[in-house]
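Got the viewer open? Let's take a walk through this one together, a selection at a time.

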Amino acid sequence: MATTYVEAIRQGIWEEMERDPDVFVIGEDIGVYGGAFKVTAGMLEHFGERRVVDTPLCESGVVGAAIGAGFQGLRPVAEMQFADFISCAFDQIVNYAAKCRYRWNAPVPIVIRAPSGGGIHGGPFHSQNPEAWFTRVPGLKVMTPATAYDAKGLIKSAIRDNDPCLFFEHKGLYRRIKEDLPEGEYTVPIGRARIFREGRDLTIATYGAMVYVAQEAAETLEREGVSVEIVDLRTLLPVDEETVLESVRKTSRVIVLHEDTVTGGFGAEIAARIAERAFEYLDAPVVRIGSPDCPVPFSPPLEDAFLPNAQKVLERARQLCAY
Amino acid sequence: MAAIESLALPGACRKLEEVPAPNARLARKFYEYMFLMREVEDRIERKLYRQGKILGGVYVGRGQEAIPVGAGMAAAAGDMLFPSHRDMGLFFIRGVTPGQIFAQYMGRVGGLTRGRDANMHMGDLQLKIIAIISSIGAGVPVSAGSALAQKYRGSKDITWCFFGDGATSRGDWHEGLNFASVQRVPLVLVCNNNMYAYSTPLEKQMACANVADRAPGYGMPAEIVDGNDVFAVYRAAQRAAAHARAGCGPYLIECKTFRMTGHSAHDAGDYVPKHLWDEWAAKDPLEGLRRTMLENGWASEEEIEEDRARLLAEIDAAVKWAEQCPYPDPSELLDGVYEKPRGE
């Protein structure tokens, strides 16, 4: 039976809680209610109040408590109800969690889950992609899975990791993406990209929900005689630079695509690394595609105009191929 | 000063036994740790800093030594401590040496952070002592999480969180107290209310009279003690610890004290009215303890002098040791940002 992206995350956490009594979940409305997106549904009934901690409305408090429990050797999985509210916990994440190991050799083995992304008419405070706020914080690890397989494998790796991990799960994928998952236990390594689609003429380096936008554009381009390779980064920090560079060396044309706004987005980092390390392989300038520099608007025509889609990618891809 | 107790507390948590009276042995230990803190900090602030041997910020707890020492001596060995930047005494109680502290301030590898961080920003998980970060108050929800983990494991250990009056203006402080109370975790909150946050006096910091006045809003018991009386702090800390260990939830102690220095070594504290320096100098906690020891016959003048001489010699040796400690090697700059991958 095919497993949805949201169910894959739930399964991953569930399996880790079964495997390790030190793993627990903590967040707002995650117990009786099962979480705003039902990622923790059924956990309270199965694991009890001790391991499913419903908190007051306090993102900084939740992350702080997770750090403190981590100091005691527990492995908390904290939920931000929406990634947009992670800003309330910014100091705890970037100043507390990220720096402890470096400063005084204290591991902070926590996971912070953050449902991110637009396309659900959530407006400016329920749609953002704040991953780039964190990809420039040494000490953190940042994951952005696109598939159910990766979502499950990466959440399990994150829970077992001894450094603070931010897990951005795209809300638009929760129930849209389904696939058959392996029967047995598996994990996906942190820090490794994968080739989502093989191609020869053009690389699209992307992550999260934009993998499917790239895929849709690639299918059209295929019919136009352009073979597109899609690199799904999967983890942004540490980033798997080599897989991107290898693809670029092969195709010589590259689009860096993300749903986050363009300026200072993670795509800028990818573009810079390509320019530094694979410049001589390029037949055309690196193209960045993201949302325009604007808050995420609510009204459907505005949000449609805001978000990258296959049509926008196609237009830029055709220009790039004609360069 | 209002003594405050929450109506939400279960009956069993209202009747905690009086704690045993202090004795000569305990008083001598108090004196040792308070004297060490005073002298090590004096050496740092008034000698090594001015000699250019310490760069960066220097924050001391002069006049507040009774708080970390009184509370720290009430803590059990397994308890987790979250010191503020004016609680050096806690480190001595946990076995950190003056040499390690001098090396920490000088940025040498012998310090607790091996040169990665400065001054009181130090900790050691093995010793169950957590390093502060500069965003004051950020440690409060973290300490609540530590206490949550102790409850999770069914441990009898508790967590102690130390902070100043300034921290109580931060949102994190309030989130931490609320979380701790709702979850009824074993947490003792120790406030050193020294009347100034950097240059900001209390009346610009809060509109209520006492930090303790904030506790009832969180359904948390609180008490106010003379923070310059180590016995008063110790007794309050024992009551608080008994409360937390009994599963009755968090407990706030507000220690009234005064910061007998500027905010840091580069701040002369000119904004403090002179009469406050004079009033509080007369309430010096170390001198008060010495008087009490003599009055009770817990130590003679000679014994106290012997202790002082021994500790001063230890401090001299510690400075020498720290000055000979190497600086960290720049080749190690990137070590420890992440855990080393297995096999490396």
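Two strands count as a pair here if DSSP finds at least two bridges between them. Keep in mind as we go that this is a predicted model.

**Stop 1: a strand and its neighbours**

Select residues 75-79 of chain A, which make up strand S4. Now add residues 23-27 of chain A, strand S2: S2(A) and S4(A) run in the parallel sense and share 5 bridges. To find the ladder, pick A:Val23, whose bridge partner in S4(A) is A:Arg75.

Next, show strand S5, residues 111-116 of chain A, which pairs with S4(A), again in the parallel sense, over 3 bridges. Click on A:Glu79 and look for A:Arg113 of S5(A), which stands opposite.

Are the residues of S4(A) buried or exposed? Colour them and see: 5 of the 5 are buried, so the strand is largely enclosed by the rest of the structure. Turn on the side chains too. A:Arg75, A:Val77 and A:Glu79 point one way, while A:Pro76 and A:Ala78 point the other way, and all are buried.

**Stop 2: the whole sheet**

Zoom out to bring in the other strands. In what order do the strands of this open sheet of chain A come? Reading across, you should get S3-S2-S4-S5-S7-S6-S12, 7 strands with mixed pairing. The edges are S3 (52-54) and S12 (235-237) of chain A; each has a single partner strand, so one side of each is left without a neighbour in the sheet. Ignoring direction, neighbouring strands are turned by 20 degrees against each other on average.

For another pair to inspect, select S6 (residues 141-143) and S7 (residues 165-170) of chain A, which pair in the parallel sense over 3 bridges. A:Val142 stands opposite A:Leu166 in S7(A).

**Stop 3: a helix across the sheet**

Select residues 59-71 of chain A, helix H3. H3(A) lies across S2, S4 and S5 of chain A, and runs at about 170 degrees to S4(A).

**Stop 4: over to chain B**

Keep H3(A) on screen and show residues 139-152 of chain B, helix H5. The two helices pack with their axes 6 Å apart, at an angle of about 50 degrees. That makes H3(A) oblique to H5(B), and their crossing is right-handed.

Which residues of the two helices meet? On the H3(A) side, look for A:Gly61, A:Gly64, A:Ala65 and A:Gly68, among others; on the H5(B) side, the residues include B:Val142, B:Ala144, B:Gly145 and B:Leu148. By class, this contact has 10 nonpolar, 7 polar and no charged residues.

Now widen the selection to everything where the chains touch. There, 30 residues of chain A are in contact with 34 residues of chain B. H3, H4 (90-97) and H5 (100-104) of chain A each supply at least two residues to the chain A side, and the largest share, 9 residues, comes from H3(A). By class, that chain A side has 14 nonpolar, 11 polar and 5 charged residues.

**Stop 5: out on a loop**

Last selection: B:Ala268, in the loop between strand S7 (251-256) and helix H9 (274-281) of chain B. With 10 other C-beta atoms within 10 Å, B:Ala268 is exposed; the cut-off for exposed is 12 or fewer. To finish, draw a distance line from its C-alpha atom to that of B:Val185: the two atoms are separated by 40 Å, and the residues are 83 apart along the chain.

Terms used. Residues numbered from 1 in each chain as written. Chains lettered and ligands numbered in written order. Predicted model: local features only at pLDDT ≥ 70, side-chain atom pairs only at ≥ 80, totals over all residues. Axes fitted to C-alpha atoms, helices over the stretch in contact; angles between N-to-C directions. Helix = DSSP H or I, 4+ residues; strand = E, 2+ residues; numbered from the N terminus. Parallel < 35°, antiparallel > 145°, perpendicular 65-115°, else oblique. Left-handed = near helix turned anticlockwise from the far one by under 90°. Contact = placed C-beta atoms within 7 Å. Nonpolar A, V, L, I, M, F, W, Y, C, P; charged D, E, K, R; others polar. Buried ≥ 20, exposed ≤ 12 C-beta atoms within 10 Å, placed from the backbone.
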